[in-house]
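This report goes through one protein model and its ligand. Please have the sequence and the structure open while reading.

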Amino acid sequence: MIECRNLGKSYGTVQAVTEINLSLDEHEFLSILGPSGCGKSTLLRLIAGLEVPSQGQVFLHGQEISGRKIILPPERRKFGMIFQDFALFPHLSVKDNVGYGATGSKKEKQQRVHELLELVSLPHLATKMPHQISGGEQQRIAVARALAPRPRLILMDEPFSNLDYQLRQQLRRDIREILKHEGVATVLVTHDQVEAITFSDRMLLMQKGKVVQEGTPSEIYQNPQTIWASSFVGEANHLPVEWQNDSLQTPLGELNVPSEIGMNARIMMVRPEDFKLESVPADQANGIVKSVDFSGSVQTVGVALKSGASVQVSGSPHLLWNQDDSVKITAERYLCFNSSGNRLNGIPE
Ligand code: ADP
Ligand code: MG
């Protein structure tokens, strides 16, 4: 449905967004994830038609809608927008906010408002004013309002970040369900990896104005292409490694890897859940337990390696570890990266 080709935007000497290529299918949920200042909002505004690209084009069903100038103005794109600050009209009641963009006869509009208030589970607030309802309720109403004109695409810029943690999780689930129910394609911009992972079908990872990786949330988590991506999406342990005597020397001991990988490997990355800990006598240990955080379903164990490095291990709380336990620690899955921080392999799967 939407395609961006070689899209770029600069403000004076600041290159906010560079060479973005992306496509979005109908009904698809895409998230754009990256640290603050990496160009996410700029990209969203380019798609919305609120900014003129400095390079490249935006297409809608194969027709150019933004290029050297805005060809199809934002109000005619049928895109709904939801921002962090909710932006409800303060002088309009909840139902008038939702009805604002609805189209059709008076009766059709009323029906749409009713249907949407049911969908966001807030029909009882219809006559309230925005200041009389909570932040989470305001955000649901903002979603209902954005959906009222039956948009083809919803664009959301950090929509949950003004809400507290618990509420954010619940609202994220609810809004995802509501949008899936309406069948509307969605682009979510966020700096929160958990939000991006749980919300979207596909993710674009951005760094310094560029897309550095694209894939499903699990692909990006399991196969990060750079050291940076490995720690931006999920928890990662990084350990220095060295190729010597035809094997890879690591703080966890010697590992067998093909020489073409081993020779260039400088860092190994291990997810906390990919370590295995065994209780062993001190003389066979390669690590010592330094901390244990029990959080119900998960136990996080800090282990100091004999080499001096320390790592975080997470696992089931079945067997609880204690401080100063001697352990043999091995990595059941790891990835190697070269001196530029780029991924070399995926062994063992
Ligand atoms: P993000 O949403 O990822 O935090 P933005 O897209 O808001 O990032 O900003 C990307 C870069 O572009 C930043 O360096 C920001 O300062 C700059 N920028 C964004 N909007 C403007 C603007 N209107 N004028 C000048 N610089 C801008
Ligand atoms: Mg932003």
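## A lysine on a strand

In which strand is K290 found? K290 belongs to strand β17, which runs over residues 287-294. The model is a predicted one, and what follows describes that prediction.

Is K290 buried, partly exposed or exposed? K290 counts as partly exposed because its relative accessibility is 45%, and the partly exposed class lies between the limits of 20% and 50%. In space, the C-alpha atom of K290 is 33 Å from that of L33, and the two residues are 257 residues apart along the chain.

## The chain as a whole

The protein chain has 349 residues, of which 48% are buried. Its secondary structure consists of 9 helices and 21 strands. Along the principal axes, the C-alpha atoms fill a box of roughly 80 × 45 × 30 Å.

## Surroundings of ligand 1

Eleven positions can be read off around the ligand, given here in chain order: Y11, V14, A16, P35, S36, G37, C38, G39, K40, S41 and T42. By class, this shell holds 5 nonpolar, 5 polar and 1 charged residues. Strand β2 (14-24) and helix α1 (40-48) each contribute at least two residues to the shell. The most comes from α1, with 3 residues.

Oxygen atoms of ligand 1 come within reach of polar atoms of the protein at several places. A polar side-chain atom of K40 is 2.9 Å from a ligand oxygen. In S41, an N or O atom of the side chain lies 2.8 Å from an oxygen atom of ligand 1. For C38 the partner is a polar backbone atom, at 3.2 Å from a ligand oxygen. Ligand 1 taken alone exposes 560 Å², and the protein buries 57% of that area.

## The largest pocket

The largest pocket has a volume of about 550 Å³. Its lining is made up of 21 residues, and those nearest the centre are F79, G80, M81, A146 and P149. By class, the lining divides into 15 nonpolar, 2 polar and 4 charged residues.

Which elements each supply at least two residues of this lining? They are strand β6 (79-83) and helix α4 (135-147). Strand β6 gives the most, with 5 residues.

## The enclosed cavity

Rolling a probe the size of a water molecule over the atoms shows where empty space is left. In the whole structure, a search finds 1 cavity of 30 Å³ or more. The largest cavity has a volume of about 40 Å³.

Its lining consists of Y221, Q222, M269, R271, D274, R333, Y334 and L335. These residues divide into 4 nonpolar, 1 polar and 3 charged.

## Positive phi in a loop

Most residues other than glycine have a negative phi. Which loop holds N245? N245 is in the loop between β12 (242-244) and β13 (247-250), and D246 lies in the loop between β12 and β13 as well.

N245 has a phi near 50 degrees, a positive value in a residue that is not glycine. For D246, also not a glycine, phi is positive at about 60 degrees. N245 counts as exposed because its relative accessible area is 72%; D246 has a relative accessible area of 63%, so D246 is exposed too. The cut-off for exposed is over 50%.

Note on methods
Residues are numbered from 1 along each chain as its sequence is written. Chains are lettered from A and ligands numbered from 1 in the order in which they are written. This is a predicted model: local features need pLDDT of at least 70, side-chain atom pairs count only at pLDDT 80 or more; totals for chains, interfaces and linings use all residues. Side-chain values use heavy atoms; hydrogens and water are left out. On a 1 Å grid over the protein atoms alone, a cavity is a set of points where a 1.4 Å probe fits but cannot get out, and a pocket is an open set with protein on both sides within 12 Å along at least five of seven lines; lining residues have an atom within 4 Å of a point. Grid points are joined across faces, edges and corners, and a volume is the space filled by probe spheres set on the points. Ala, Val, Leu, Ile, Met, Phe, Trp, Tyr, Cys and Pro count as nonpolar, Asp, Glu, Lys and Arg as charged, and the others, Gly among them, as polar. A residue is near a molecule or strand if one of its heavy atoms lies within 4 Å of it. A polar contact is a pair of N or O atoms within 3.5 Å; within protein, one must be able to donate a hydrogen and the other to accept it, and residues adjacent in sequence count only if both atoms are side-chain atoms. Accessible areas come from the Shrake-Rupley method with a 1.4 Å probe; for residues, only the protein chains shown count as cover. Helices (H or I, at least four residues) and strands (E, at least two) are DSSP runs, numbered from the N terminus. Buried means under 20% relative accessible area, exposed over 50%, partly exposed in between (1.4 Å probe, protein chains only).
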